[in-house]
Amino acid sequence: MLATLKKLKLRILASLFFVLPILSFSSLASIEPKNYQKYHEQINKAENFIGEEEFPEALKVYNEIFNSFDFVFVKDYKIAAQLALFLKDKKTALEIIKKGIAGGWDIKSLNKNQYLSKLQDDPLWEGNKEAYFELRKKYEDRINHGLRSEVHEMFKMDQKKARGALFRIGDQAKEKYAMKKFAPHSEIQLKKFIKILEDQGYPGEQLIGNNFWMSTILSHHNSISKDYVIRDSLYNFIKPKLIEAIWKGQISPYEFAMIDDWYLSVSSGGIQTGYGFLNPPLSSQLAETDSLRKRIGLRSIELRNKLVDVENKTGMNFYLPDWIEGKINIE
């Protein structure tokens, strides 16, 4: 237990200076929000098919999602395009890539996907390159650039303040800095965030095209210290609103899990079962961990581990949350 608490303490301090590894705007606001609980249920259905290596069935589910929802998380286009290519359907893969670009899939990220690189020799790829800027404009017209700039500034301020911990020597000095300097700054940030959340919604991928700036700010707030997190009322006020934002498609279950995992781990001193990212679950806690995940539309531990196996077998990249590598081991 002492070793676990020491590991958690080091993670808390480290979190203060490392980024945790995310239509026009006016018309987007007029769209009737669809229930993204159904979206995430369908994603889990598709991923279960992938885990069983039933790839045509998985691709069919993804295409149903693309035809049913106005906003699609870019990672789901990325996965579906790879599935189509794996099934040797280059035309469908390229069509999905076009949809992804219009949804925010940028050329840098596209070129990084090694599995899709073989498409670049296909004559149809040139058509994608020619259409890129026109498709990209659809994405640029959709997001709220003013809000994006505001949240990016908040993120940069958060990082600057967190770097102050680097100049403190020893755990006690770092903890004192976290409480005396970082906590007041973080409270100002969260009050700004609450206003954004209530006026415009959660500033994530759907609204500003970024899925980690705000979740990093919130994760840092939840990792200041055990005593602080237990006393804090801001996150308890925000949490139900974040869950509402999941069902509006404004924040992904993965982002929320990262934020809430910090709260659960820090407030309990590493004892309370979380989502399995910060602390691998005990076998006796696995059902509770999977229950937490299910409540927010997140895949089970078993399914995640199956997807890792399929990645290793096929070479595809399923864009699993990158703040933990590979399988989540059960202790």
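Helices are DSSP runs of H or I with at least four residues, numbered from the N terminus. In this predicted model, alanine 245 belongs to helix 14. Alanine 245 counts as buried, because its relative accessibility is 2% and the limit for burial is under 20%. Leaving aside neighbours within four places in sequence, the contacts of alanine 245 are Tyr202, Gln250 and Ile251. Alanine 245 also lies 9.2 Å from tyrosine 36, C-alpha to C-alpha, although 209 residues separate the two in sequence.

A second alanine, alanine 46, is located in helix 3. With a relative accessible area of 0%, alanine 46 is buried. When residues up to four places away in sequence are not counted, alanine 46 touches Ala58, Val61 and Tyr62. For valine 61, which is 15 residues from alanine 46 along the chain, the separation between the C-alpha atoms is 5.7 Å.

The nonpolar interior was examined next. The largest nonpolar core holds 49 residues, of which Phe193, Tyr202, Leu218 and Leu242 touch the most other members. Two or more residues are given to this core by each of helix 9, helix 10 (171-199), helix 11 (205-208), helix 12, helix 13 (226-231), helix 14 (234-247) and helix 15 (253-267). Helix 15 supplies the largest share, nine residues. Another core, of 45 residues, lies apart from this one and includes Ile50, Tyr115, Leu135 and Leu307. Within the 49-residue core, Phe193 is one of the residues that touch the most other members. The contacts of phenylalanine 193, not counting residues up to four places away in sequence, are Met154, Tyr202, Pro203, Met214, Leu218, Ile238 and Leu242.

Helix 9 and helix 12 both give residues to the largest core, and these two helices also pack against each other. Two packed helices are described by the angle between their axes and the distance between the axes. For helix 9 (residues 145-163) and helix 12 (residues 213-221), the angle is about 35° and the axes are 9 Å apart. The crossing of helix 9 past helix 12 is left-handed. On the side of helix 9, the residues in contact are Arg148, Val151, His152, Met154, Phe155, Asp158 and Gln159, and these meet Trp213, Met214, Thr216, Ile217 and His220 of helix 12. Classified by residue type, this contact has six nonpolar, four polar and two charged residues. Met154 and Met214, which take part in the contact between the helices, are also touched by phenylalanine 193.

Aromatic pairs number 15 in the whole structure. In one of them, tyrosine 39 and phenylalanine 69 have ring centres 5.1 Å apart and planes at 85°, so the pair is edge-to-face. This pair links distant parts of the chain, with tyrosine 39 in helix 3 (residues 36-51) and phenylalanine 69, 30 residues away, in the loop between helix 4 (55-68) and helix 5 (74-86). Tyrosine 39 counts as buried at 0% relative accessibility, and phenylalanine 69 counts as buried at 11%. An aromatic cluster is formed by Tyr36, Tyr39, Phe69, Phe71 and Phe73. Tyr36 of this cluster is the residue whose C-alpha lies 9.2 Å from that of alanine 245.

Another edge-to-face pair is formed by phenylalanine 256 and tyrosine 275, with 6.4 Å from centre to centre and 85° between the planes. Phenylalanine 256 is in helix 15, and tyrosine 275 is in the loop between helix 15 and helix 16 (286-295); the pair links distant parts of the chain, 19 residues apart. The relative accessibility of phenylalanine 256 is 1%, so this residue counts as buried. Tyrosine 275, at 2%, counts as buried.

Backbone geometry was considered last. Lysine 88 is not a glycine, yet has a positive phi of about 65°. The residue lies in the loop between helix 5 and helix 6 (90-102). Lysine 88 counts as exposed, because its relative accessibility is 74% and the limit for exposure is over 50%. Tyrosine 319, a residue other than glycine, has a positive phi near 50°. Tyrosine 319 is placed in the segment after helix 17 (301-314). At 22% relative accessibility, tyrosine 319 counts as partly exposed.

Notes:
Residues numbered from 1 in each chain as written. Predicted model: local features only at pLDDT ≥ 70, side-chain atom pairs only at ≥ 80, totals over all residues. Heavy atoms only, no water. Axes fitted to C-alpha atoms, helices over the stretch in contact; angles between N-to-C directions. Left-handed = near helix turned anticlockwise from the far one by under 90°. Contact = heavy atoms within 4.5 Å. Nonpolar A, V, L, I, M, F, W, Y, C, P; charged D, E, K, R; others polar. Core = buried A, V, L, I, M, F, W, Y, C linked by side-chain atoms within 4.5 Å. Buried < 20%, exposed > 50% of the residue type's maximum accessible area, 1.4 Å probe, protein only. Phe/Tyr/Trp six-rings, centres within 6.5 Å; stacked < 30°, edge-to-face > 60°.
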